[in-house]
Structures are given as structure tokens and as C-alpha cells.
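Here is a short briefing on one protein chain. Look over the sequence and the structure first, then read the points below.

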Amino acid sequence: VNNCGLQLVIQTSAITDKSKPFEFRINKEQSSFHNRLLQHDLEKNYSGRQDNTNFGSSSSITFPVLQRTAEEKILNSDRLTLERQKLTVCPIIDGEDHLRLLNFQHNFITRIQNISNLQHLVFLDLYDNQIEEISGLSTLRSLRVLLLGKNRIKKISNLENLKNLDVLDLHGNQITKIENIGHLSELRVLNLARNLLTIVENLNGLDSLTELNLRHNQVSAIKDVDTLPCLQRLFLSFNNISSFEDILCLADSSSLSDITLDGNPIAQETWYKHTVLHHMMQLRQLDMKRITEEERRMASVAARKEEERKRESHKQTLLKEKKRLTICNIARQWEIQQNRIALVASLNQDKDNEPCQINGSAAYVLPEESRSLDTILSSAVQGLSVLESHLVEVEGDTLCLYGAGALECLDRNWSVQTAGIIVTVSFMFIEFDEIVQVLAKLKIKFPNFVHLKFKETNLVMLQQFNALAQMHHIEQLTVDPQGNPVVNFTLWKYYVLFRLNHFNLQKINGVKVTENDIVMAERLFGILALVASSELPQYRMLSLLGESRRKQFHYLLEGKGKKSGTGREESSDNRRNGGESTTRATLNYTTKDFLMEKLEEIKERKTFCQTYIENLVKEAADINMKNESLQKLWPQMFIELVRDAVIEIRNKNSYMKLCLQRITDQKQ
């Protein structure tokens with residue numbers, strides 16, 4: 001604001017001692033006759049009005065009255081500067097209704113007042129005062145520029161009538177929220193720098209806004225900026241913006257040409273400039289630096305790469321989430337299955353222990369909840385049907401199989417490269433009896449496979465480890481305690497070492513196998529294999545042996561001993577079978593399904609034999625009954641035959657004629 005030729009320092013306060021004169025100090029450099037006259041008029045008017053003004057409090061507050069001479073008014077007819085005059089209140093300005101510019105910079109004013117009569121005022125500067133509330137402006141309908149920077153204002157308010165406002169400066173205050181400015185459709189410049197803003201919002205209606213200054217706030221998110229049709233310059237330096245998503249609406253602004261984001265966490269990212277330029281192609285300046293076409297081109301290339309990286313990252317995230325949900329679904333189905341098996345076993349046990357007679361037959365009275373078990377389980381699984389029931393995944397050198405359906409993957413055609421890198425096969429949420437059926441395929445499909453892992457596979461007894469003997473070679477075995485109760489048995493590791501001795505296992509559950517472990521295993525379970533082999537029938541023993549071993553076994557049974565070369569044949573056969581001894585081979589495992597099939601087959605054979613024998617007995621009984629009847633009837637039958645023969649040949653001529661007649665009839 002230009003110096004208007006008059007500088008006053010007006011000192012006033014609540015007057016309690018009316019005898020004390022009111023003092024005015026005039027700048028000596030500008031002391032003149034007109035100034036001294038103005039001082040005399042101010043003193044006269046002040047003494048005449050000091051008892052008539054009430055500030056609204058209990059104590060009487062008076063205001064200085066400022067009047068200028070005609071000559072001063074001619075020199076600065078439309079403006080008045082009261083800068084750095086140590087004012088604590090706005091003075092009463094008489095005879096200045098035509099005033100257009102008023103400057104109160106660098107004072108100590110706490111409240112806007114005594115200017116309601118200046119209805120032609122266009123420019124009001126109250127920068128660097130102590131104002132706490134915007135007020136006293138309702139009559140200034142012509143006001144175009146309002147400067148209230150560096151005050152103590154906490155809320156934007158009381159601007160309803162300032163519809164022609166062009167510039168609003170509120171920087172350096174304590175404002176926490178943008179509000180009550182949506183009606184300022186003519187506003188072009190809004191300065192809210194150095195406040196306490198956290199969110200930029202409520203900007204709808206500022207249709208003429210071209211510049212918005214929000215530097216040095218605490219802004220972390222921006223809204224509504226894309227609704228400002230004329231916004232060209234946006235200053236957001238030194239805030240808390242940490243991601244591009246926080247300022248995404250800026251990309252939708254077609255008019256924005258100049259933006260600053262330096263001093264924010266987002267500006268520290270390597271992709272910052274490229275991303276901003278890629279999404280805001282209309283920008284001319286970024287962080288007060290002009291943007292070149294080369295920078296735009298490089299930003300476009302970098303942004304595309306970043307977009308591809310984000311898409312890939314998002315894809316991987318989705319795959320991980322899908323994997324997690326699928327595994328959760330498989331785990332829940334496994335739990336439901338185990339609960340069902342446990343409940344059925346419990347019901348069968350109760351049925352055996354507590355039968356009751358109904359109509360002469362044994363029956364078990366089911367509880368109400370167990371009768372609806374299938375309904376409950378079906379409804380539980382129904383909600384999960386949208387997810388996969390199994391999962392096959394290759395992680396590095398490990399093939400992970402989740403759920404029984406994953407076993408089918410072993411029948412697919414694996415590429416030589418993929419199959420060659422598989423060293424570990426992990427089974428999870430699969431019944432061990434189902435795994436046993438595919439063990440033979442593992443070495444065929446994955447030639448370098450040496451490590452087996454079991455988790456939630458229902459390993460419950462030592463006998464199940466016998467099934468692993470059919471593998472060609474394994475070096476490591478891992479049995480997770482979760483879902484495998486057999487691990488709770490103290491000696492399970494020694495049994496594994498004994499039964500799979502021919503594999504020369506290196507580690508069990510990550511612990512290296514020592515010679516002492518092998519010796520202890522042999523001491524604990526060696527006698528078991530001898531007992532099993534001695535009790536095994538001869539035909540079962542022969543079925544477990546190779547061709548050379550069967551020959552050797554026959555020689556031993558016949559007492560002929562070994563022939564020369566038999567040892568070499570046995571050694572060769574042992575190598576082909578992985579070195580498994582005959583006694584250990586007798587310790588095998590039969591799955592429940594196979595056992596049930598065998599039992600069913602035995603049952604069918606028994607039924608067939610029983611039916612066949614019954615038919616033979618019935619047929620023999622019928623033959624015997626017929627024979628007894630014949631013996632009883634034969635004497636009478638013989639007498640009748642003899643009698644008929646005698647009667648027939650008694651008349652020789654008649655008998656001969658009858659015979660000839662029969663011969664003739666037969667020829668015809």
C-alpha cells in the first residue's frame with residue numbers, strides 16, 4: 001500500500017482517569033501545519049466522544065476519531081494508511097465515506113470495527129494484527145480485497161455479504177477447516193498458507209478461483225479441487241501428502257497449469273515427478289520449475305513402467321489373497337471331515353456299548369443334533385463352494401499339495417525343467433491313506449525328489465510309515481505335529497529309522513540322523529521284524545520276495561542250502577529293491593480302503609461258496625430221496641412188468657401179428 005503522507009500513532013485504552021489527556025504523536029519528518037491542525041481536531045473530537053462509545057463490556061471503552069483536512073483528502077482522496085501505528089482498536093473515521101483503500105498493517109488490533117460506514121471500500125488490509133474473529137464486514141458489499149494474514153483467526157465466518165470478493169488472504173492464522181466460502185463465486189485468489197488444515201474440502205462454488213495457496217499446513221488429503229473450473233495455480237508445498245491417491249482428484253482438473261508439492265513425503269519418492277507429469281499432462285510448471293517436452297516424454301515412459309509394476313504387484317497380491325482364502329477353505333473342509341469321522345466313530349462305539357431293543361432288533365437312539373449332522377455340515381460347506389477345494393503350488397524346489405484333489409496333478413504332463421527342480425514334496429490336508437496310493441508315482445515324475453513333508457495328514461500309528469518303504473529313495477522326512485498324532489509317540493523316529501533303514505535317511509524333522517540313532521532303532525525294533533517274518537505264512541513270504549530270493553527260499557526249505565552264485569543274485573536283487581531286508585519287508589501297511597476291498601472280496605467269496613454248497617447238498621438230497629422211493633416201488637413194478645409180458649405172449653399168433661404191425665407202422 002502506498003504511503004498516503006500521514007502516519008499517526010494513536011494510543012488508547014479504557015479510560016478510567018478522565019483528567020489524563022489523550023496523546024497523539026506525529027512523525028517529525030512529516031510534521032506540518034496541516035498535521036498539527038489534524039492533531040488538534042483529533043484531540044477535540046476525542047474529548048467530545050470519549051464518554052459516548054461503549055465496547056460492550058463492563059468498563060467504558062473509547063475510540064479515537066480520525067479526521068483529515070481537506071488538503072490531505074485531496075492528496076489521498078480514496079486511500080488511508082495507518083501502518084505500524086501501534087493501534088489496539090480501529091479508530092472512528094469520519095467524513096471518509098468515499099474511501100476505497102484502508103491499511104491497518106502491523107498493529108495490535110484485536111477486533112474489526114468502526115468501518116461499517118465505509119461502504120465504498122474496495123481494499124482492506126489488516127495484515128499482522130491480533131484479530132481472533134472475522135466480523136464487522138457485513139456492510140462492505142463493495143470489498144474486493146481482504147487481507148487478514150498473520151492474525152489469530154480460528155474459523156472462516158461472517159463473509160456472507162462479501163459476494164464481490166476477489167482476493168482473500170488468511171495465511172498465518174489458526175484455521176483448521178475450510179468452510180463458509182462456497183458463495184464467493186467471484187473469488188480469484190485464496191491464501192490459506194501456514195494454518196492447521198488437514199483436509200482440503202468444501203471448495204464447491206468457487207467458480208472463479210484461479211490461485212489456491214495451501215503451503216505449510218498439515219494437509220494429507222485433497223477433495224473437490226477437480227470441481228474448480230478456473231484453477232490454474234495450486235501451492236501445496238510442505239504438507240503431509242504421502243501418496244498419489246491422496247491427490248488423485250488433481251488429475252481430473254483440466255485447467256491446472258502450475259502446482260507445487262515439494263516438502264511433502266510424496267516428493268521424496270523416485271517415481272514422484274514422472275507420475276505427476278503422466279497424470280497431469282496439462283501442467284506447465286512443477287515445484288516452480290518449467291516442464292520441458294523431454295521431461296514429459298520421459299515421465300510418460302517411466303509412468304508406464306511404474307504402472308506395469310503396480311499391476312504386477314497388484315496381481316501378485318490378488319494371487320496371494322486367493323491362495324490364502326483357498327488354503328483357509330481347504331482347512332475348514334478338512335476340519336469338517338475330521339469332525340464327521342470322529343462323530344461317526346463315537347456313534348459306532350456308543351452303539352456297541354449301549355444297544356436298546358426295538359421290535360426285537362438292536363438300535364441306537366441318536367441325539368437330536370446328530371440326526372441333523374449332514375444338514376449342518378452341508379450348510380457349512382455350501383458357503384465355501386465358490387472357492388477351490390484343492391491347491392497345487394511350486395515354491396522354489398518344493399511342490400506343495402493342499403487337499404485330496406491336488407493328488408490328481410501327479411498324473412499331468414510335467415515339463416522336464418519343472419520336474420527336475422522339484423526336491424521336496426509337501427502334503428497338507430490330505431488323508432495319508434490317499435497319499436499312499438500315489439507314492440510310487442513321485443520318483444517317476446520327479447527324479448530328483450528326496451524330501452517328504454506331511455502336515456495335517458492324519459498319521460496316527462507307526463504302521464503307516466511302512467507304506468513309505470515302496471519309495472525308491474528319500475533322504476529327509478518331515479512330519480509336522482499338527483494333524484499327525486503319531487508324533488506324540490516318543491519312539492516314532494526310531495521306528496522310521498528301523499523300517500526305512502535301506503534309504504539311509506539323513507534328517508528327520510530337520511535333525512541330522514546319527515549312528516547312535518540307527519543302533520538304537522535296531523535294538524528297539526529288530527526283534528519285531530523277526531517275529532513278524534516267523535509268523536508270516538509261506539505263500540505270503542514268497543509274494544514279498546524277488547525271483548532269486550524265492551529260489552533261495554526253496555533251497556532252504558528243501559535243505560539243500562545255497563548254490564554257488566545265489567549270494568550274488570541276492571545282492572543284485574537287494575540293490576534293485578533299495579537294499580530292503582526280507583524281515584523288514586514283512587512289516588507292511590494296508591490302507592483302510594484296500595483292507596475294506598479285501599474284506600468285501602472275502603465276504604463275496606464266502607457267500608458264493610455257501611450258496612454253491614447249499615445247492616450241492618440240495619441236489620444230493622433230491623437224488624437220495626428219489627433213490628429211496630425207487631427202492632420201495634421196484635418190487636411191485638417188477639411184478640407188473642413180468643405179468644404184462646406173460647399176458648402179451650400167451651397167444652403166439654396174435655403176438656406175432658402185433659409185432660409185424662408195429663414194424664410196418666414204424667417204416668411208414
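In strand 24, Gln476 is the residue that stands opposite His451. This is a predicted model, and the chain averages a pLDDT of 77. The points below start with the sheet around strand 24, then turn to helices, cores and confidence.

**The sheet around strand 24**

- Strand 24 covers residues 476–479, and four bridges join it to strand 23, residues 451–455.
- Strands 23 and 24 run parallel.
- Another bridge partner in strand 24 is Thr478, which is matched with Lys453.
- Strand 24 also pairs with strand 25, residues 507–508, in the parallel sense. Two bridges hold this pairing.
- Here Leu477 stands opposite Ile508 of strand 25.
- In a regular strand, side chains alternate between the two faces of the sheet.
- Strand 24 shows this alternation: Leu477 and Val479 point to one face and are buried. Gln476 and Thr478 point to the other face and are not buried.

**The sheet as a whole**

- The open sheet has seven strands, in the order 20-21-22-23-24-25-26. Its pairing is mixed.
- Strands of a sheet pair through backbone hydrogen bonds, either parallel or antiparallel.
- Which strands stand at the edges? They are strand 20 (391–395) and strand 26 (511–512).
- Each edge strand has a single partner strand, so one side of each is left without a neighbour in the sheet.

**Thr418 and helix 7**

- Thr418 lies in helix 7, which spans residues 416–421.
- Is Thr418 buried or partly exposed? Thr418 is partly exposed, because its relative accessible area is 27% and buried means under 20%.
- The side chains of Thr418 and Ser415 are joined by a polar contact of 2.8 Å.
- Asp397 is 21 residues from Thr418 in sequence. In space, the two are 8.9 Å apart, C-alpha to C-alpha.

**Helices 10 and 17**

- Helix 10 runs over residues 492–499 and is largely enclosed by the rest of the structure, because six of its eight residues are buried.
- The buried residues of helix 10 are Trp492, Tyr495, Val496, Leu497, Phe498 and Arg499.
- Helix 17 has 16 residues, 652–667. From its first C-alpha to its last it reaches 23 Å, close to the 22 Å expected at 1.5 Å a residue.
- At the start of helix 17, a side-chain oxygen of Asn651 comes to within 3.5 Å of the backbone nitrogen of Asn653.

**Nonpolar cores**

- The largest nonpolar core has 69 residues. Among those with the most contacts inside it are Leu102, Phe104, Leu124 and Leu234.
- Helix 3, residues 272–279, gives the largest share of this core: three residues.
- A second, separate core has 48 residues, including Ala419, Leu468, Ala469 and Phe503.
- Leu234 touches residues that include Leu212, Leu214, Val225, Leu250 and Ile259, not counting residues up to four places away in sequence.

**Confidence**

- Of the residues, 76% score a pLDDT of at least 70.
- Over residues 355–386, pLDDT stays under 50. The model has 24 contacts beyond four places in sequence for this stretch.
- Residues 560–579 also have a pLDDT below 50. Beyond near neighbours in sequence, residues 560–579 have 19 contacts in the model.

Key. Residues are numbered from 1 along each chain as its sequence is written. This is a predicted model: local features need pLDDT of at least 70, side-chain atom pairs count only at pLDDT 80 or more; totals for chains, interfaces and linings use all residues. Side-chain values use heavy atoms; hydrogens and water are left out. pLDDT is the predictor's confidence in each residue, from 0 to 100. Contact means heavy atoms within 4.5 Å. Buried means under 20% relative accessible area, exposed over 50%, partly exposed in between (1.4 Å probe, protein chains only). The expected span of a helix is 1.5 Å times one less than its number of residues. A polar contact is a pair of N or O atoms within 3.5 Å; within protein, one must be able to donate a hydrogen and the other to accept it, and residues adjacent in sequence count only if both atoms are side-chain atoms. A nonpolar core is a set of buried Ala, Val, Leu, Ile, Met, Phe, Trp, Tyr and Cys residues joined through side-chain atoms within 4.5 Å. Two strands pair if DSSP finds at least two bridges between them.
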